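Open the model in your viewer and keep the selection tool at hand. Each stop below says what to select and what is there.

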Amino acid sequence: MNVDFDLVCVGFGPAALSLAVTMADTGRITANFSSVPCVSTNESLRVLFIEKQQSFLWHGGMLVEDSRMRISFVKDLASLRDPTSRFTFLNYLKVKERLVTFLNLGTFYPYRVEFNDYLTWAAEKFSHLCAFGETVTGIEPGTTSENTNDDIKYFRILSTGINGTRKIRTARNVVIAVGGQPSYPKWCSSLDNQVIHTAEYSYRIDNLFIDKDVPKNIAVIGSGQSAAEVYSDVIKRFPKCKTSLIFRDTALRPSDDSPFVNEVFDPSSTSEFLKKDFFDRQMELKKNRSTNYAVVNIDMIESLYGMLYKQKLPGSTMTENEILSSHQIESAHKEKNGQITLKLIDTSIERKEYYKTFDAVFVGTGYTRVGHLDILKSVRQYCTPRGNCCKIEGVDAVLPLDDYRVLMDDRCKAGIWLQGCCEDTHGLSDTLLSVISVRSEEVLKSIEKNLKLQKDLVLHSTVATPTTIIFPAKSEPGTVLYTEFNQSLGETLTFRVADPDIDLENFHIWMNNSRVSKFWGEQGPKSHQAKYLDSQMKSFTSIPIIGVFNSTPFAYFEVYWAAVSNLTPFYKLDSYDRGIHMLVGDESFRGPHRVSAWLPALVRFCFRDDERTKRVVSEPRADNKKMISYMNQHGFSNIGQIQLPHKIAELMIIERLENVFYSVGK
């Protein structure tokens, strides 16, 4: 099998961008500089970056006016690895004709909006290697032979576009660098989308209030840098509003950025951290939290203190904003007028409880780093736990090796690397910019080492054309997919997407029919069928379908893309072959005359749904002689028996025959 890419990177934030820069600097890929010649060698990698945003943007929701970086510009995409790289921040300034004026500022800390522009400038050089506007939903193991016990030599990467289009690509190696996901307090769960995380602040603040001159009450929750910056910006934007900063600690704590403590972010500190056992690592993380978590830059603290002090001066017309320290939020509810009422507990006064109502609530409550776990679900069985496995934020962790590669069993020759979610194994700097340039070099070396071990790999001097499989968007529940009038029955046959709200009761009854459960094995309480149906609704490759004669539901079908099923080792498939699963649930709709109506129609639907489909396949259980006989009568050929994980099946195939299958239906 031709594998599309040597490497697919999930996510295209600073970590992935730094990896791209390292590959470009070493001639592995081409950076698109319009006026500067690219470094090239006789070797190049087939690489793709998949990013859910529609263009590169770094922390777009927190590009607050006048906010500055908290780390030196020297910790950019390249300088610590190679100061002579074209991708350094200083070279960016030179290209933008701001180098001298920036030096006149006398600072190592550029404005955040400027650093975002620097990252965007670098990212633009790799736009030809990026797929923007796609969310990766999972990766699946793949083999290159018909032996189901063969080594896993590549992965299938599943992604969904903003319009619902689904794509499947193959890669020998995968880097997952999806960044953090906004974390919300539990009391937000009943408030829909009313509470705004600071990650979305810049996107939503301008449209927050129609009339900015009408006094409002605004709450900002949190004691870290993001919450403090939002609190400060809200006060400046809405001078007539009363804004409250609420947090549990007794005061805002300054971040410790003194030189000795700051060494915790040095690349060498990562090496030292890796030598410690799991317990000592956790102790060190806790000890150094004051460098990064729930702390605020001292300049911001002093600015806020001065701002609140000026409110008290004689003649001040400023609204009296407040800081509510030592406060916990017990619960929250939405008022009829859209306001949000918080139940607060003042822990400084023997847990005094009271309620306070706000027109808007922002939360600066950090990020979770578990997005990679959902992507890895289908390959978790191949992941080998390290000595001290643990839970991260309540979820079983996937702990990488020192080179950031996920340890997998001997069957898996394809590799997976993690970026930006390895704090527990690699230290505090892992989620930050501090070491990305050095780290990307280590990761690239590890990837190239694995590429050399993949026996069938040849490093190409020219980039091969990818053979990405593109599937159309899935239809909504209840959507009618196909209908035709059957002359012999005098009835209309309809196939529609299953809708759990309408079909669960029938589905439950059908699955508990002993005739059906013998072959499907999904009998049990309604909650079991609800879970099964939900999994099919969410499936990347399968459509759950209800068959209806006139207005009566009678059957359940699944139409799936065979190219990403467990049939791939057993026959020479085409990328757009369709597979079908079938059950007739209503006893009154059984019999050969009914099968003669719905089975050809189901095949017609498969061929008409996508003109690229060349054949329809099915794998009924080998002892389901009656179904196999029906399929033979309606054009299916027997390929032979195959061993699937849950059954011995008869592989059945029917080719596209337009003169037969295009004669009726619409």
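The tour visits strands, a helix, two loop residues and a surface patch.

**Ground rules**

This is a predicted model, in which local features need pLDDT of at least 70, side-chain atom pairs count only at pLDDT 80 or more, and totals for chains, interfaces and linings use all residues. Residues are numbered from 1 along each chain as its sequence is written, and side-chain values use heavy atoms, with hydrogens and water left out.

**Stop 1: strand 5**

Select residues 154-161, which are strand 5. Helices (H or I, at least four residues) and strands (E, at least two) are DSSP runs, numbered from the N terminus. Of the eight residues in strand 5, seven are buried. Buried means under 20% relative accessible area, exposed over 50%, and partly exposed in between (1.4 Å probe, protein chains only).

Now add strand 4, residues 134-142. Strands 4 and 5 pair antiparallel, over eight bridges. Two strands pair if DSSP finds at least two bridges between them. To check the register, pick Glu 134: its bridge partner in strand 5 is Gly 161.

Next, add strand 6, residues 166-171. Strand 6 runs antiparallel to strand 5, joined by six bridges. Here Arg 156 sits opposite Thr 170 of strand 6. Four residues lie between the strands of this hairpin. Zoom in on Gly 164 there, where phi is positive, near 90°.

**Stop 2: helix 8**

Select residues 267-274 for helix 8. Which of its residues are buried? They are Ser 269, Thr 270, Phe 273 and Leu 274. Look down the axis of helix 8: the buried residues fall within an arc of 140°, so they line one face of the helix. The arc is that of the directions from the helix axis to the C-beta atoms. Helix 9 (278-287) and helix 12 (423-426) are among the elements that cover these buried residues. Contact here means heavy atoms within 4.5 Å.

**Stop 3: two positive phi values**

Most residues other than glycine have a negative phi. Select Arg 351, a non-glycine residue with a positive phi of about 55°. Its loop runs between strand 14 (340-346) and strand 15 (352-358). Arg 351 is partly exposed, at 47% relative accessibility.

Move on to Tyr 404. Its phi is also positive, near 75°. Tyr 404 lies in the loop between strand 19 (395-396) and strand 20 (415-418). Is Tyr 404 buried or exposed? Tyr 404 is buried, with a relative accessible area of 2%.

**Stop 4: strand 23**

Select residues 491-497, strand 23. Six of its seven residues are buried. Show strand 22, residues 480-486, as well. Strands 22 and 23 run antiparallel and share six bridges. Val 480 faces Arg 496 of strand 23 across this pairing. Their hairpin has four residues between the strands, and Gly 490 takes a positive phi near 70°.

Then bring in strand 24, residues 542-549. Five bridges link strand 23 and strand 24, again antiparallel. Val 497 has Ile 545 of strand 24 as its bridge partner.

**Stop 5: a surface patch**

Finish on the surface. Select Val 74, Leu 80, Phe 108 and Tyr 109. They form a nonpolar patch with about 340 Å² of accessible area together. Leu 80 belongs to the loop between strand 2 (47-51) and helix 2 (89-95). Leu 80 is partly exposed, at a relative accessible area of 37%.

Patches are made of residues with over 30% relative accessible area and no salt bridge; like charges are joined within 9 Å, nonpolar side chains (Val, Leu, Ile, Met, Phe, Trp, Tyr) within 5 Å. A salt bridge is a side-chain nitrogen of Lys or Arg within 4 Å of a carboxyl oxygen of Asp or Glu. Accessible areas come from the Shrake-Rupley method with a 1.4 Å probe; for residues, only the protein chains shown count as cover.
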